[in-house]
Amino acid sequence: MGRVMEVEEDGHQQEHLVLATKLFLLTLPHVSDIEKVRLKDEVVTHIKHHDMLPLYETLIADSVLDADRALLDSMRAKLDEEINKLDEKITDAEENLGESEVQEAHLVKSLFFIRIGDKEKALEHLKVTESKTVAVGQKMDMVFYKLQLGFFDMDFDLIAKSIEKAKSLFEEGGDWERKNRLKVYEGLYFMSTRNFKRAANLFLDSISTFTTYELFPYDTFIFYTVLTSIISLDRVSLKQKVVDAPEILTVIDKIPHLSEFLNSLYNCQYGSFFTAFGEQTPDTSCYLYSYVLKLFGSSLETLHVIFSVLL
């Protein structure tokens, strides 16, 4: 199946992380039943295409999907055969080829476990692969794989440890492209753990150097940048770094309701602000509530003014 967790040449988000978003949406009460049926169909299609037996078994145990015995047996047979072939290639490399070929063979097996959704075996084999890796850049790539595994099921402990590992590797060397990519990973981690100020600073530092398409498209990155900046920046900084930022202005109109959300807030047009607020999707509204609480707090007078505008 190839290196399914690498950045695709045309800059698409990794399929596994798209899948993670769909699984998250299935847990939200605001998503309609009809939409959940569509999402489940897409999840099953993805599982079948990538033979994701471990993930399928987990989703069955969690009552997210129904068991299909024939599908389970079919995937199990295919995976057993593929594992045998991978082990044969590792043995051949160890007996007949050089160190780089041995490292490559182990990496392919690591990516196989990532592809099928076997997180524990993927981490175990990435550790083996890293032990056979010399170049700092390649070791960094191992860390990015671990980070992507962590973000798949929001394993914050794995994410935090991997970020620290990456930073220690950068002390040995490392290129600027990977360092800039790590900023986006770290920003996403801070956003996910509600540290919006640190997330905003990292995202803003990465606008002109963004290449982390494996996590999300550039439009999504700009959305997260605007969102975290609204929550954490003061009015003057918001104007300078976001409202008037050329990189943001070039794409903000492509993102539904974001321009209205940002500018109505900055211009204190709260009726339009709450209209745009209501148009946000369920998976992002939780972040927006943090901003509303920060902005308005428990001030009854302010809330009275807001409702007067709305009514």
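Look just past the end of helix α3 and you'll meet Ser63, which takes a positive phi of about 60°. Most residues other than glycine have a negative phi. Keep in mind that this is a predicted model, so what you're reading here comes from computed coordinates.

Ser63 has company. Asp51 also has a positive phi, about 50°, although it is not a glycine. You'll find Asp51 in the loop between α2 and α3. Is Asp51 buried or exposed? With a relative accessibility of 6%, Asp51 counts as buried, because the cut-off for buried is under 20%. Then there's Met154, another residue other than glycine, whose phi is positive and near 50°. Met154 sits in the loop between α7 and α8, the helix that covers 156–170. Its relative accessible area is 40%, so Met154 is partly exposed.

Now step back into α3 itself, which runs through residues 53–61. Which of its residues are buried? They are Leu53, Pro54, Leu55, Tyr56 and Leu59. And what covers them? The cover includes α1 (15–25), α2 (33–50), α4 (69–96), α5 (99–116) and α7 (136–152).

Let's zoom in on one of those buried residues, Leu59, which lies in helix α3. Its relative accessibility is 7%, so Leu59 counts as buried. Who does Leu59 touch, once you set aside its neighbours within four places in sequence? The contacts are Leu23, Val43, Ile47, Val64 and Leu65. Take Leu23 from that list: Leu59 and Leu23 are 36 residues apart in sequence, yet their C-alpha atoms are 9.5 Å apart in space.

Leu23 brings us to another pair of helices, α1 and α2. A quick bit of background: two packed helices are described by the angle between their axes and the distance between the axes. For α1 and α2, the axes come within 10 Å and cross at roughly 145°. The crossing of α1 past α2 is left-handed. On the α1 side, the contact is made by Glu15, His16, Leu19, Lys22, Leu23 and Leu25; on the α2 side, by Lys36, Leu39, Glu42, Val43, His46 and His50. Sort the residues of this contact by type and you get 5 nonpolar, 3 polar and 4 charged. Something handy for reading lists like these: an α-helix has 3.6 residues a turn, so residues three or four places apart point the same way.

A second pair to find is α6, residues 119–131, and α7. These two pack at an angle of about 175°, with their axes 10 Å apart. That angle makes α6 roughly antiparallel to α7, because angles over 145 degrees count as roughly antiparallel. From α6, the contact uses Ala122, Leu123, Leu126, Thr129 and Glu130, while α7 brings Lys139, Met142, Tyr145, Lys146 and Leu149. The residues here divide into 6 nonpolar, 1 polar and 3 charged.

Finally, zoom out to the whole chain. How many helices and strands does it have? The count is 17 helices and 0 strands. Of the 311 residues in the chain, 46% are buried. Among contacts between residues at least 6 apart in sequence, 55% join residues at least 24 apart. The Leu59 and Leu23 contact from earlier spans 36 residues. As for the outside, the chain exposes about 16,000 Å², and carbon and sulfur atoms supply 53% of that.

Note on methods
Residues are numbered from 1 along each chain as its sequence is written. This is a predicted model: local features need pLDDT of at least 70, side-chain atom pairs count only at pLDDT 80 or more; totals for chains, interfaces and linings use all residues. Side-chain values use heavy atoms; hydrogens and water are left out. Buried means under 20% relative accessible area, exposed over 50%, partly exposed in between (1.4 Å probe, protein chains only). Helices (H or I, at least four residues) and strands (E, at least two) are DSSP runs, numbered from the N terminus. Contact means heavy atoms within 4.5 Å. Axes are lines fitted to C-alpha atoms, for helices over the stretch in contact, and angles run from 0 to 180 degrees between N-to-C directions. Angles under 35 degrees count as roughly parallel, over 145 as roughly antiparallel, 65 to 115 as roughly perpendicular and the rest as oblique. Ala, Val, Leu, Ile, Met, Phe, Trp, Tyr, Cys and Pro count as nonpolar, Asp, Glu, Lys and Arg as charged, and the others, Gly among them, as polar. Accessible areas come from the Shrake-Rupley method with a 1.4 Å probe; for residues, only the protein chains shown count as cover. A crossing is left-handed if the near helix is turned anticlockwise from the far one by less than a right angle, and right-handed if clockwise.
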